[in-house]
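Visitor: Please take a close look at one part of this model for me. I would like the sheet that Val115 belongs to, and then how that part sits in the rest of the chain.

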Amino acid sequence: MRVAIVGAGWIAAEHIATLRQLDAVEVVAVCDVNRTRAAELAGQAATYTQWTEMIARERPDGIFVCTPPLTHREVAVAALEQDIHVYLEKPIARGLADARAIVDVAGRSRAVCAVGYQWRAVEVLDDLRAALSGQDLGLLIGISAGPTRSRPWFLDRAQGGGNLLERASHQIDLERAVAGEVVSVQAAASGVLLAQSQGQRGNIDDAAAVLLHFADGGLGAIQIAWTRDGLPGTYSLDVYGSDASLHLELDPAFALHGRSDGRQIEATSRQHPLERSLVRFIAAAREGKRDHVFCSPVDAAATLAVAIACEEALSSGGTVRVPSY
Ligand SMILES: NC(=O)c1ccc[n+]([C@@H]2O[C@H](COP(=O)([O-])OP(=O)(O)OC[C@H]3O[C@@H](n4cnc5c(N)ncnc54)[C@H](O)[C@@H]3O)[C@@H](O)[C@H]2O)c1
């Protein structure tokens, strides 16, 4: 499979490192508006500054869209309209109109589209679901706290959605994958700066908490914090069911332990979910199986709808119903 990359930043570097280890894949071109960045990642591959030119000249079988969220729609839609397989980084888009456009074209395209919510690819998620089978889920507690790289678009809420879309949306997606649909949300942000400083800051919140009300009656709490470089992070999900107390340790261990139905539960992952998500996408694309990806555009659009509702709840201070996407 001949693959091209659009956006040669942080996540593209991770993906290229994985793709270069796969026999079935050749990275043929890298595009970035910043040519130096494209060249740094390209190695033997061709470099471009315009993705339209790259697609026209290279005719790749698949592309990885690794640009900031506001650009996701035009690149993904153009590729899918040409039946080029798309691995689209999360969030699916910055806004719901863009997400709907991507979902629509993905539904019509012969190509496969996966969205980069790789926690759906955590191996022990199947063990977690199996352990909770038949139980009512009362409470989920997701924590994502730790340092991350600052990027200009990330500091600007209008472009990136700040930590709600960058960080909390991974947890929203994971909690939806475990507990189902969310009907309404509440949210609050901390007024304290953690990673940002008075001299160097955008208009986003460093720490926030959101509450998800699930259709089945359960509650999901998500706490996020962007902390200073060098501080240790915490990435985890705890799930309390009618006869279960389970702890899923996320990055970097991806291990599950706890108790359910009178049984001790212990499970560990062998493969990193980022790699597993890519490998599954490549296999789905080669076999033409659109439903085989870990996170579909429909899944990711539903997650975005919850995240957008959280944004509204942050500004209104009230309980916000999740819009349909
Ligand atoms: N799945 C994950 O865990 C994960 C982790 C980090 C980032 N991401 C997502 O990946 C995307 C990119 O994030 P990042 O951290 O790599 O950002 P980044 O800023 O490091 O890289 C983005 C790159 O895109 C380039 N770019 C912008 N517009 C372009 C255009 N029109 N054409 C070509 N290149 C363009 C920029 O010059 C930059 O080099 C975001 O949607 C982000 O949310 C996902």
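Guide: What follows starts at one strand, then moves outward.

This is a predicted model. Take Val115 as the starting point. Val115 lies in strand β6, which covers residues 113-115. Is Val115 buried or exposed? Val115 counts as buried, because 34 C-beta neighbours lie inside 10 Å; the cut-off for buried is 20 or more. Set aside the neighbours within four places in sequence. Val115 is then in contact with Leu88, Lys90, Ile92, Cys295, Pro297, Asp299 and Ala300. One more distance is useful here. Gln171 is 56 residues from Val115 in sequence, and the two C-alpha atoms are 15 Å apart in space.

Now the sheet. Six strands make up an open sheet, with parallel pairing. Their order is β3-β2-β1-β4-β5-β6. Which strands are at the edges? They are β3 (46-48) and β6, and each pairs on one side only. From one strand to the next, the twist averages 20°.

Look inside the sheet at β1 and β2. Strand β1 spans residues 2-6 and strand β2 spans residues 26-31. The two run parallel, joined by five bridges. Ile5 has Val30 of β2 as its bridge partner. Helix α2 (residues 35-42) packs on this sheet and touches β2 and β3. The direction of α2 makes about 160° with that of β3. Helix α3 (residues 51-58) lies across β1, β2 and β3. Its angle to β2 is about 150°.

Two backbone details belong to this region. First, one of the contacts of Val115 is Lys90, and a cis peptide bond joins Lys90 to Pro91, with omega at about -15°. Pro91 lies in the loop between β5 (85-88) and α5 (96-108). Second, Arg59 is not a glycine, yet its phi is positive, at about 45°. Arg59 is found in the loop between α3 and β4 (62-65). Arg59 counts as exposed because it has 12 C-beta neighbours inside 10 Å. Most residues other than glycine have a negative phi, and most peptide bonds are trans.

Next, the ligand. How many residues surround the ligand? There are 24, and the closest are Gly7, Gly9, Trp10, Ile11 and Glu89. Helix α1 (residues 10-19) gives the most to this shell, with three residues. By type, the shell divides into 11 nonpolar, seven polar and six charged residues.

Step back to the whole chain. Domain 1 covers 2-118 + 275-299, and domain 2 covers 134-244 + 303-321. Their C-alpha centres lie 25 Å apart. Across the boundary, 14 residues of domain 1 are in contact with 14 residues of domain 2. What touches domain 2 from the domain 1 side? Those residues divide into 11 nonpolar, no polar and three charged.

There is also a sheet of nine strands. This sheet is open, and its pairing is mixed. The order is β14-β13-β12-β11-β7-β10-β9-β8-β15. At the edges are β14 (263-268) and β15 (320-321), each pairing on one side only. Strands β8 (residues 182-189) and β9 (residues 207-214) run antiparallel and share seven bridges. Ala187 stands opposite Val210 in β9. Helix α9 (residues 162-179) packs on this sheet. Its contacts are β7 (137-146), β8, β9, β10 (219-226) and β11 (234-241). The direction of α9 makes about 150° with that of β7. Helix α11 (residues 297-316) packs on the sheet too, touching β8, β9 and β15. The direction of α11 makes about 45° with that of β8.

The backbone details here involve two loops. The peptide bond from Asp251 to Pro252 is cis, with omega near 5°. Pro252 is found in the loop between β12 (244-249) and β13 (255-260). Asp261 is found in the loop between β13 and β14. Phi of Asp261 is positive, near 55°, in a residue other than glycine. Asp261 counts as partly exposed because 14 other C-beta atoms lie within 10 Å.

To return to the start: Val115 is buried, and its strand, β6, is at an edge of the sheet of six strands.

Definitions and conventions: Residues numbered from 1 in each chain as written. Predicted model: local features only at pLDDT ≥ 70, side-chain atom pairs only at ≥ 80, totals over all residues. Domains from an automatic or database assignment. Contact = placed C-beta atoms within 7 Å. Nonpolar A, V, L, I, M, F, W, Y, C, P; charged D, E, K, R; others polar. Near = placed C-beta within 6 Å. Helix = DSSP H or I, 4+ residues; strand = E, 2+ residues; numbered from the N terminus. Pairing = 2+ DSSP bridges. Axes fitted to C-alpha atoms, helices over the stretch in contact; angles between N-to-C directions.
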